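Please open the structure in your viewer with a cartoon representation, and keep the selection panel at hand. The stops below say what to select next and what is to be found there.

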Amino acid sequence: MARRLQINALAADTALETFVRDVSAGLSSSPKTLPPKYLYDEKGSKLFEQICTLPEYYLTRAGTAIFQRHLPEIISFVNNDATLIELGSGNAAKTRIFIEALLGRQTTDKAGGTARQPRLHYIPIDISRSALEESAESLLKDYRGLHITAYVGDYYTALHAIPRDVKGSRLFLFLGSNIGNFEIPHAEEFLRTVRSVMSRDDRLLLSADLKKDKAILEAAYDDARGVTAAFNLNLLVRINRELGANFDLANFRHRAFYNESQGRIEIHLESLKPQRVRIPKAGLEVAFEQGETIHTENSYKYSLEQIRDLCTASGLSLKKTWLDEQKFFSMNLLAPRL
């Protein structure tokens, strides 16, 4: 199994320094912020897996429904022997659907005969090494024809590290509602970066959550069981553990609301009292007023017109869009605009 797996850690030696710098800058700013990528340590990744199964969290179910209904058509846009590249792979639960479809599809050889695609190269990219290791071990056990080259790091670094001289085309996956975590100009910048490493026959499958009723949106990010609250508060646990801080979780609460003017869900940690928090490894003491928040994440919701405009601005051509029956969620197949 080890010969079928390679894990590349990108800039791992500066991860702690980067965390210190980002925490220091974010908590010294006004308003206070923290980058959402730090929500996904080992515990945070497992909590997010739980979120995806919650009744309020429609996104995973809607995306899966689209796959189940339209996957043969989706993969028909990709050449045989395609390499599968996933940005933000997590536990790779959704990816199994693609792996099974690609390994199981009929291919035509030079003599005109047909056979099943025997092998697949899968390249997952994620900030959580533990999530990559666990998912790779499970996938390799279940799919004998699978080979995995994983990258631990941020999207931008990994995109420029992945090989371009591969046989056949490459299918990039950016699933979930990850594009919604970017501010709109940053979403364009990110997609332009993906476009810059794509060749003529490569494709990008981009999922994007759609605008809908405010009550449905807010429930998805503030569930009744409090799993999303635990996920958000775990960021403070991580700062305590890794940077020696003394955040008292009882003094903060999770807040999620839909900002209609901005078209986004906003996620915050609200201070319940005036307090001061020390973060020794950052050389920082942070004062909070009662009601003051740390803005930890945004999730932008798109209209279909906005998705098309985003693709055009990023140098990509929108080939096809698939929706679930309720029209809550979208899958969009993009190609480089030549």
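Begin by selecting residues 252–259 and 264–271, which are strand 10 and strand 11 of this predicted model; the two strands pair in the antiparallel sense, and eight bridges connect them. Within this pairing, show the side chains of arginine 255 and histidine 268, since histidine 268, in strand 11, is the bridge partner of arginine 255. Then move to the turn of the hairpin, where four residues lie between the two strands and where glycine 263 takes a positive phi near 70 degrees.

Next, step back to asparagine 251, which sits in the loop that leads from helix 9 (227–243) to strand 10. Is asparagine 251 buried or exposed? With a relative accessibility of 15%, asparagine 251 counts as buried, because the cut-off for a buried residue is under 20%. If you display its surroundings and leave aside residues up to four places away in sequence, you will find that asparagine 251 touches Glu270, Ser271, Leu272, Lys273 and Gln275.

Now widen the selection to the sheet to which the hairpin belongs. Strands 10 and 11 are part of an open sheet of four strands, whose order is 2-14-11-10 and whose pairing is mixed. The edges of this sheet are formed by strand 2 and strand 10, each of which pairs on one side only. In general, the strands of a sheet pair through backbone hydrogen bonds, and they may do so in a parallel or an antiparallel way. At the strand 2 side, select strand 14 (residues 293–300) as well, and you will see that strand 2 and strand 14 pair in the parallel sense over two bridges. Here threonine 33 has histidine 295, in strand 14, as its bridge partner.

While you are at strand 2, select serine 30 and proline 31, which are joined by a cis peptide bond with an omega of about 0 degrees. Proline 31 is placed in the loop between helix 1 (15–28) and strand 2 (32–33).

From there, go to strand 3, residues 83–87. How many residues of strand 3 are buried? Five of the five are, so strand 3 is largely enclosed by the rest of the structure. With side chains shown, Thr83, Ile85 and Leu87 can be seen to point one way from strand 3, whereas Leu84 and Glu86 point the other way, and all of these residues are buried.

Keep strand 3 selected and add strand 8 (residues 170–174), with which strand 3 pairs in the parallel sense over four bridges; in this pairing, isoleucine 85 stands opposite phenylalanine 172 of strand 8. Then add strand 6 (residues 120–126), which runs parallel to strand 3 and is joined to strand 3 by four bridges. On that side, leucine 87 is the residue that stands opposite isoleucine 125 of strand 6.

The next stop is histidine 70, which is found in helix 3 (residues 58–75). Histidine 70 counts as buried, with a relative accessibility of 17%. Apart from residues up to four places away in sequence, histidine 70 touches Trp322 and Leu323. If you would like a distance to check in the viewer, draw one between the C-alpha atoms of histidine 70 and leucine 102, which are 32 residues apart along the chain and are separated by 14 Å.

Follow the chain onward to lysine 327, in the loop between strand 15 (316–323) and strand 16 (329–336). Lysine 327 has a positive phi of about 60 degrees although it is not a glycine. Its relative accessible area is 57%, and lysine 327 is therefore exposed, as the cut-off for an exposed residue is over 50%.

Finally, clear the selection and consider the protein as a whole, whose secondary structure comes to ten helices and 16 strands. Its radius of gyration is 21 Å, close to the 20 Å that the globule rule gives for 338 residues, so the protein is as compact as a globular protein of that length. Along the principal axes, the C-alpha atoms fill a box of roughly 75 × 45 × 35 Å. Buried residues make up 51% of the 338 residues, and among contacts with a separation of 6 or more, 72% are between residues 24 or more positions apart.

Notes: Residues are numbered from 1 along each chain as its sequence is written. This is a predicted model: local features need pLDDT of at least 70, side-chain atom pairs count only at pLDDT 80 or more; totals for chains, interfaces and linings use all residues. Side-chain values use heavy atoms; hydrogens and water are left out. The radius of gyration is taken over C-alpha atoms; the globule rule is 2.2 Å times the number of residues to the power 0.38. Buried means under 20% relative accessible area, exposed over 50%, partly exposed in between (1.4 Å probe, protein chains only). Contact means heavy atoms within 4.5 Å. Two strands pair if DSSP finds at least two bridges between them.
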